[in-house]
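Hi,

Here is the structure I said I'd pass on. Have a look at it first, and then read on for what I found in it.

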Amino acid sequence: YAGTSWSPDRQPAQRLFFQEVDSGRWRRFAVVGPTQTGKTLACFVTPLLYHLFEKNQATVAGVPHQDIAFDKWQQDIKPAIEAGPFADLIMDSGPGSRGGRFTAVKFRNGAILRFMGAGGSDKTRSGFTAPVLAATEVDGYDEVSKTSREADKVSQMEGRTRAYGDHARTYLECTVSIETGRIWQEYVKGSHARILIPCPECGEWITLERENLIGWQDAASEIDAERNAAWQCGTCRKTFDDEARGAAHRRAVLAHDGQTVDKHGNIIGAYPDTRTLGFRWSAGNNLFLSAGFMAGEEWRAERAADKDTANRKLCQQSWTIPPPIVKDFDEAITPEDVEARSNYVPRGLVPAWAQLVTVGVDCHKYQHYYCVTAW
């Protein structure tokens, strides 16, 4: 699709994301999705362009390392600007115009794009104020440094927007890494949204996950797996092809935590009490790849020499779910590790009906097992 205008029909999940941005309901946006699906363009580059040129606002671009700022500028951001109506706002001279190391780019409308890397001292993430932060690959740099006296790197970057209060906006995007990774935690603790489509056979509103891709499990060869691949409704158990999947996605809706969908596609239920949109799409929503292609990947992974690694790659890069934990610990747990691994329930929240809460912890050198029960 290079050289053509963006269309919501190519990846309908992106249409749902932009609708949520336009709704004004959220101040923070945490997006997790498969690799090579347009995630960076839609959820990192496009918000940058919107705030820089439509809103004329100074904007912070968060990157894993300051050294790759120029690469992000040259490969992702600048080409998108040059392909659109704001190309004439790029300066002919100054930082970012020729190459080399730089931290900020100024445009003809006065807006400034300031790059911030997760590496280096805390001082590199201070001293600049802006109403907008857009950060990419956040799981790659949101680990508390042993020498840092301040909060984690994402929180430090987000602190640059604090002066703008309710008017500040934060966009975070990444491929899922592990269950305790920043982007997955932001997703599940945010609105925890899911994409639903009408089943082409029974009309029930369903999600398409890994278990809905069938036909490859008993295939005799990779070609058979590709040939027999199909999507299966989890309700009626009937199958449908990619053409029907694409048509269904053009009617897709987004339901947040606690919400349901009636037979007409209307969202039922209140929105969760959060200002963070938790947005996710997976291989089932990726219209760039066919069921046959993904079935071939599943068939090869099932027979790979290192099955754990192959499965982890599919979980992270295709299905957008944290991979199963493989017990391979090489360093002892610290109190800081435990503190960082908060669960889905906010600290101090006890069910209203509870009279007692019991906590049990079994401490090991490399991991702890714990159970919390309300009575």
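Let me start with a pair of helices. Q14, F17 and F18 in α1 touch K39, A42, C43 and T46 in α2. Sorted by class, the residues of that α1 and α2 contact come out as four nonpolar, two polar and one charged. Helix α1 covers residues 12–23, while helix α2 covers residues 39–54. Their axes lie 10 Å apart and make an angle of about 20°. Angles under 35 degrees count as roughly parallel, so α1 and α2 are roughly parallel to each other. The crossing of α1 past α2 is right-handed.

Before you go further, please keep in mind that this is a predicted model. The average pLDDT of the protein chain is 88, and 88% of the residues score at least 70. The stretch to watch is residues 144–150, where the pLDDT is below 50. Leaving aside near neighbours in sequence, that stretch has nine contacts in the model. Where pLDDT is low, the predicted coordinates should not be read in detail.

Back to the helices, because α2 has another partner, helix α3 (residues 69–82). The axes of α2 and α3 come within 10 Å and cross at roughly 55°, so these two helices are oblique to each other. This crossing is right-handed. On the α2 side the contact involves T40, F44, V45, L48, L49 and F53, and they meet D76, I77, A80 and I81 of α3. By class, the α2 and α3 contact has eight nonpolar, one polar and one charged residues.

Now the sheets. One is an open sheet of seven strands with mixed pairing, in the order β3-β4-β2-β5-β6-β1-β15. At its edges stand β3 (104–106) and β15 (276–280); each has a single partner strand, so one side of each is left without a neighbour in the sheet. From one strand to the next, the twist averages 15°.

If you want to follow the β15 edge by eye, look at β1, which spans residues 28–32. β1 and β15 pair in the parallel sense over five bridges. R28 is a handy place to begin, as its bridge partner in β15 is T276.

Two helices lie across this part of the sheet. Helix α1, the one from the opening, lies across β1, β6 (169–174) and β15, and runs at about 175° to β15. Helix α5 (residues 182–189) also lies across β1, β6 and β15, and it runs at about 120° to β1.

There is also an open sheet of three strands, with the order β9-β10-β11 and antiparallel pairing. β9 (213–214) and β11 (239–240) are its edge strands, each pairing on one side only. β9 is joined by two bridges to β10, which covers residues 230–232, and the two run antiparallel. To find the pairing on screen, go to I214, whose bridge partner in β10 is A230.

One more helix pair, further along the chain: what angle do α8 and α9 pack at? Helix α8 (residues 291–302) and helix α9 (residues 307–317) pack at about 155°, and their axes are 8 Å apart. Angles over 145 degrees count as roughly antiparallel, so that is how α8 and α9 are placed relative to each other. E297, E298, A301 and E302 of α8 make the contact with K307, A310 and L314 of α9. The residues of the α8 and α9 contact divide into three nonpolar, no polar and four charged.

That's it from me.

Best wishes

Note on methods:
Residues numbered from 1 in each chain as written. Predicted model: local features only at pLDDT ≥ 70, side-chain atom pairs only at ≥ 80, totals over all residues. Heavy atoms only, no water. pLDDT = per-residue confidence, 0-100. Contact = heavy atoms within 4.5 Å. Pairing = 2+ DSSP bridges. Helix = DSSP H or I, 4+ residues; strand = E, 2+ residues; numbered from the N terminus. Axes fitted to C-alpha atoms, helices over the stretch in contact; angles between N-to-C directions. Parallel < 35°, antiparallel > 145°, perpendicular 65-115°, else oblique. Left-handed = near helix turned anticlockwise from the far one by under 90°. Nonpolar A, V, L, I, M, F, W, Y, C, P; charged D, E, K, R; others polar.
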